[in-house]
Amino acid sequence: MTSAALTLVRCGFVPLIDCALPVIAHEQGFAEQQGLALELVREASWAAIRDKVAFGVLDAAHLLAGIPLACAVGAARAPQVGMLALMALGRGGNSITVSSALYRRMVEADPVAMAGPRAQSAQALRKVIEADRAAGHPPLSFATVFPVSSHNFELRYWLASAGIDPDLDLNLGVIAPPRMVESLALGHIDGYCVGEPWGQRAVAKGVGAIIATKSDLFPAAPEKVLGVRTAWAEQQGDVAEKLIRAFVQAAQWADDPDNREILAALLAREDYLGQSDAAILASLRGEVTLRAGEPATALPGPHVFYHWQATFPWLSHGHWLMAQMQRWGLWSGDLAERARIVSSVYRPDLYRRAVAPLGIPLPVEDMRVEGGHLQPFQSPAEGGGMIDLGPDTFMDGRLFDPARSPV
């Protein structure tokens, strides 16, 4: 297909491992096969990429799943512009990292909690915070990547599980992912929650330790989506469908173990992540070094791009994000309003129509109760048969029913 016959789509991304689908769609030719010329634009921050999509500088983006929802209600200073989450871009990849000094203090404060399941490490942090308060020391500082990111909500969920108030007991700010490690090394922050490779990067530099991962907190948590303006999707419906198909084919390619080395080398390039391909490959394979000098730890499902319906835009994910926005004071409303907002942003109907030519199995329902499965499980598929879904357990054992759970 000649370039003259291709439709140009400008797609932004932030340098993280889960920008893999736009990179693969471009580099492996899936976009071109769909008749698209995919121009990838690297952005440093989520605020920048949000605004460029909102105001039409970019057609589409690798976007935090909470951003289209925030734009629907004007939360977290978002421009109130209609956006859609056309599909998810995978699951997994986040971790909570603390400075080496704070890690040592946590081990000293509560060696039992630090030796147990990783999610319990928040109990040790609470004891450090209590000791600092008693001594009159200033509060610790943590960072996430954006107010409506899963990273922020996962970190807050982890802190709150130990009785730590994220807004009162420490300073919690926002730093762009590529600046996290530097900020930790300089002592500007004591910890952060971010997507890979920025957790492992702190470990490799000897300035931090990973104390919990997404698989420890809520492995099925929504992460990134293919975000577009609603007006663009309405005007370019055929192009939007082609973009979904290209990204789903990229996800299938990414989940093939035989392609992981190629993917790591692609992402490592200076125009994408500009990081070590060995570190990226280790994260893709789930062979993560949590602390300097220790052997790698095998993590379940660290990066899943296609399996377990990882590209399906579940309405329940939108509900969970809105529930967290409400829990932490970023939005207020009732269940009926939440359902209206989520259904205007998350569009499984568009996804189903776009992937129909690919003949892939899809779930019967667009929404499900989250949190009831410690292991992979099966669910009814559209047209008969079963589909495989992945673990979705919350660290505290709760269930989230989007039809009933206010927060």
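## Close-ups of a predicted model

**View 1. The largest pocket.** The largest pocket holds about 350 Å³ of space. Keep in mind for every view here that the model is predicted. Count the residues lining this pocket and you get 18. Nearest its centre lie Ser215, Asp216, Pro219, Pro300 and Leu374. What kinds of residue make up the lining? The split is 10 nonpolar, four polar and four charged.

**View 2. Asp216 meets Arg118.** One of the residues nearest the centre of the largest pocket, Asp216, also forms a salt bridge with Arg118. Their closest N and O atoms are 2.8 Å apart. Where do the two partners sit along the chain? Asp216 belongs to helix H11 (residues 214-217), while Arg118 is in the loop between helix H6 (111-115) and helix H7 (121-135), so this pair ties together parts that are 98 residues apart in sequence. Asp216 has a relative accessible area of 18%, so it counts as buried, the cut-off being under 20%. Arg118, at 25% relative accessibility, counts as partly exposed.

**View 3. Arg368 and its two acidic partners.** Here Arg368 takes part in a salt bridge with Glu370, with 3.5 Å between the closest N and O atoms. Are these two residues buried or exposed? Both Arg368 and Glu370 are buried. The side chain of Arg368 also meets that of Asp392 in a salt bridge, at 3.3 Å from N to O. Asp392 lies in the segment after strand E14 (386-389), and Arg368 in the loop between helix H18 (348-355) and strand E13 (377-380), so the Asp392 and Arg368 pair ties together parts that are 24 residues apart in sequence. How accessible are the partners of this second bridge? Asp392 has a relative accessible area of 0% and is buried; Arg368 comes in at 14%, which also counts as buried.

**View 4. A salt-bridge network.** Now for a group of residues rather than a pair. Which residues are linked in this network of salt bridges? They are Asp18, Glu154, Lys214, Glu223 and Lys224. Across the model, the count of salt bridges comes to 29.

**View 5. Helix H14 and its neighbours.** Helix H14 covers residues 260-268. Look for its buried residues: Arg260, Leu263, Ala264, Leu266, Leu267 and Ala268. What do they pack against? The buried residues of H14 pack against three helices, namely H1 (20-27), H13 (237-254) and H15 (277-284).

Note on methods. Residues are numbered from 1 along each chain as its sequence is written. This is a predicted model: local features need pLDDT of at least 70, side-chain atom pairs count only at pLDDT 80 or more; totals for chains, interfaces and linings use all residues. Side-chain values use heavy atoms; hydrogens and water are left out. On a 1 Å grid over the protein atoms alone, a cavity is a set of points where a 1.4 Å probe fits but cannot get out, and a pocket is an open set with protein on both sides within 12 Å along at least five of seven lines; lining residues have an atom within 4 Å of a point. Grid points are joined across faces, edges and corners, and a volume is the space filled by probe spheres set on the points. Ala, Val, Leu, Ile, Met, Phe, Trp, Tyr, Cys and Pro count as nonpolar, Asp, Glu, Lys and Arg as charged, and the others, Gly among them, as polar. Buried means under 20% relative accessible area, exposed over 50%, partly exposed in between (1.4 Å probe, protein chains only). Helices (H or I, at least four residues) and strands (E, at least two) are DSSP runs, numbered from the N terminus. Contact means heavy atoms within 4.5 Å. A salt bridge is a side-chain nitrogen of Lys or Arg within 4 Å of a carboxyl oxygen of Asp or Glu.
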